[in-house]
Amino acid sequence: MQGAGQLLLVNAERTAAGLLPLTSNDCLIEVASENALRIASQGFVSGADGPSLDRVCALGSTQPAENLGYWSNVDDIQMNLLFVANPQQRAAILGRFHYMGAAWAISASGVAYLAVEFA
């Protein structure tokens, strides 16, 4: 499932910080989908090759970033609050990026996992 709600929330955070909004990107959505499915299938959050795959999208960012998380159900607002509360994840939201892709995946146990890619 695409995380279109994340784009709205991230852009609200960026606007409040005086930054330009991000644009949704299909290549980053694909990377996010792959990573959301990966962490949902393993049942825990772990970083892998998201930022490396983000570079393959060739969007000009030399230091892509990724936020990963989970919640009991798909809840864009709750995940955004968690991301903003974490200094490293907040730095990605407010980073020098132009594009974003996000996707949710549901594990066999019903837990929702979210991957957000920035480039």
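Is isoleucine 29 buried or exposed?

1. **Isoleucine 29.** The model is predicted. In it, isoleucine 29 is buried, at a relative accessible area of 8%. The cut-off for buried is under 20%, so the 8% of isoleucine 29 qualifies. The residue sits in helix α2, which covers residues 26-42. Leucine 59 is 30 residues away from isoleucine 29 in sequence. In space the two are 13 Å apart, C-alpha to C-alpha.

2. **Leucine 28.** Helix α2 also holds leucine 28. This residue is buried, with a relative accessible area of 0%. Its pairing in sequence terms is with alanine 58, 30 residues apart. The C-alpha to C-alpha distance between leucine 28 and alanine 58 is 10 Å.

3. **Salt bridge.** How many salt bridges does a search of the whole structure find? The count is 1. Glutamate 13 and arginine 90 form a salt bridge through their side chains, at 3.7 Å from N to O. Glutamate 13 belongs to helix α1 (residues 4-16) and arginine 90 to helix α5 (residues 87-93), so the pair ties together parts that lie 77 residues apart in sequence.

4. **Exposure of the salt-bridge partners.** Glutamate 13 is partly exposed, with a relative accessible area of 23%. Arginine 90 is partly exposed too, at 32%. Partly exposed covers the range between the buried cut-off, under 20%, and the exposed cut-off, over 50%. The 23% of glutamate 13 therefore falls in that range, and so does the 32% of arginine 90.

5. **Packing of α1 and α4.** Helix α1, home of glutamate 13, also has a crossing with α4. The axes of α1 and α4 come within 9 Å. They cross at roughly 40 degrees. Under 35 degrees would count as roughly parallel, and roughly perpendicular starts at 65. The two helices are therefore oblique to each other. Their crossing is right-handed.

6. **Nonpolar surface patch.** Which residues form a nonpolar patch on the surface? They are Met1, Val74 and Ile106. Together they have about 280 Å² of accessible area.

7. **Valine 74.** This patch member lies in the loop between β2 (65-71) and α4 (76-85). Valine 74 is partly exposed, with a relative accessible area of 38%. Patch residues need over 30%, so the 38% of valine 74 meets that cut-off. The loop holding valine 74 leads to α4, the helix whose axis crosses that of α1 at roughly 40 degrees.

Notes:
Residues numbered from 1 in each chain as written. Predicted model: local features only at pLDDT ≥ 70, side-chain atom pairs only at ≥ 80, totals over all residues. Heavy atoms only, no water. Patch = residues over 30% accessible without salt bridge, like charges linked within 9 Å, V, L, I, M, F, W, Y side chains within 5 Å. Areas by Shrake-Rupley, 256 points an atom, 1.4 Å probe, with all protein chains shown as cover. Salt bridge = Lys/Arg side-chain N within 4 Å of Asp/Glu carboxyl O. Helix = DSSP H or I, 4+ residues; strand = E, 2+ residues; numbered from the N terminus. Buried < 20%, exposed > 50% of the residue type's maximum accessible area, 1.4 Å probe, protein only. Axes fitted to C-alpha atoms, helices over the stretch in contact; angles between N-to-C directions. Parallel < 35°, antiparallel > 145°, perpendicular 65-115°, else oblique. Left-handed = near helix turned anticlockwise from the far one by under 90°.
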